[in-house]
Amino acid sequence: MPTDSIWSYAPGLDHARGADLTGYTVVARDGTAGHVDRQAGHHGMPHLVVDTGVWVFGRSLLVPVGVITSVDTAGRKLTVSCTRAELKAAPRFRTDSETMDLVYLTTVGLYYGELPREERPAG
């Protein structure tokens with residue numbers, strides 16, 4: 001996935017653009033990863049801060065909106081193209097100031113941009 005598209009909602013997710021996703025459950029390809037704690041979009045790089053709860057020992061993750069594959073507004077959940085292990089291996093998110101740090105955001109974008117794309121079944 002090109003790095004620039006990591007910061008843009010996928011085609012077909014226009015209803016999510018500008019929506020408040022706070023509180024939505026985040027579902028990875030292999031299970032629940034946490035919930036959206038907050039959203040930010042500094043430097044034109046919209047992303048979610050995901051609270052993982054006890055799954056990653058209370059650690060939060062920064063997730064670019066480009067990895068979102070679906071949003072269920074009725075069920076208040078969103079699905080991402082990553083596995084839980086891929087999310088856990090992302091560059092460590094430590095403080096809110098990192099949501100404004102262009103160097104950190106670029107590092108996060110490169111990490112997610114290099115992950116293999118989810119294979120979609122034909123048909």
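Helices (H or I, at least four residues) and strands (E, at least two) are DSSP runs, numbered from the N terminus. The model is predicted, so that local features need pLDDT of at least 70 and side-chain atom pairs count only at pLDDT 80 or more, while totals for chains, interfaces and linings use all residues. Residues are numbered from 1 along each chain as its sequence is written, and side-chain values use heavy atoms, with hydrogens and water left out.

**Exercise 1. Place Val27 in the structure and decide whether Val27 is buried or exposed.**

Step 1: Val27 belongs to strand β1, which covers residues 25-28.

Step 2: A residue is called buried under 20% relative accessible area, exposed over 50%, and partly exposed in between (1.4 Å probe, protein chains only). Because the relative accessible area of Val27 is 19%, Val27 counts as buried.

Step 3: With contact taken as heavy atoms within 4.5 Å, and not counting residues up to four places away in sequence, Val27 touches Thr32, Ala33, Lys77, Leu78, Thr79 and Val80.

Step 4: Although Val27 and Ile68 are 41 residues apart in sequence, their C-alpha atoms lie 9.5 Å apart in space.

**Exercise 2. Find which strands pair with β1 and in which sense, then set out the order of the sheet.**

Step 1: Two strands pair if DSSP finds at least two bridges between them. β1 and β2 are antiparallel, with 4 bridges, and a hairpin with 2 residues connects the two strands.

Step 2: Between β1 and β6 there are 3 bridges, and these strands run parallel. Val26 has bridge partners in both neighbours, namely Gly34 in β2 and Leu78 in β6.

Step 3: Further along, β2 and β3 run antiparallel with 5 bridges, and His35 has Asp51 of β3 as its bridge partner. In the hairpin of these two strands, 6 residues lie between them, and His43 has a positive phi near 60 degrees.

Step 4: β5 (residues 68-72) and β6 (residues 77-80) are antiparallel and joined by 4 bridges, with Ser70 opposite Thr79. Their hairpin has 4 residues between the strands, and Arg76 in the turn shows a positive phi of about 50 degrees.

Step 5: The result is an open sheet of 6 strands with mixed pairing, in the order β4-β3-β2-β1-β6-β5. Its edge strands, β4 and β5, each pair on one side only.

**Exercise 3. Identify which residues of the largest nonpolar core touch the most other members, and which element gives the largest share.**

Step 1: A nonpolar core is a set of buried Ala, Val, Leu, Ile, Met, Phe, Trp, Tyr and Cys residues joined through side-chain atoms within 4.5 Å. The largest one has 34 residues, and Ile68, Leu78, Val80, Leu87 and Tyr112 touch the most other members.

Step 2: The largest share, 5 residues, comes from α2.

Step 3: Not counting residues up to four places away in sequence, Ile68 has contacts that include Tyr9, Leu13, Leu48 and Leu78.

**Exercise 4. Work out where Glu98 lies and which side chain of opposite charge is nearest.**

Step 1: Glu98 sits in the loop between α1 (84-88) and α2.

Step 2: Lys and Arg count as positive and Asp and Glu as negative, whereas His and the chain ends are not counted. A salt bridge is a side-chain nitrogen of Lys or Arg within 4 Å of a carboxyl oxygen of Asp or Glu.

Step 3: Glu98 is buried yet has no salt bridge, and Arg94, the nearest side chain of opposite charge, is 4.4 Å away.
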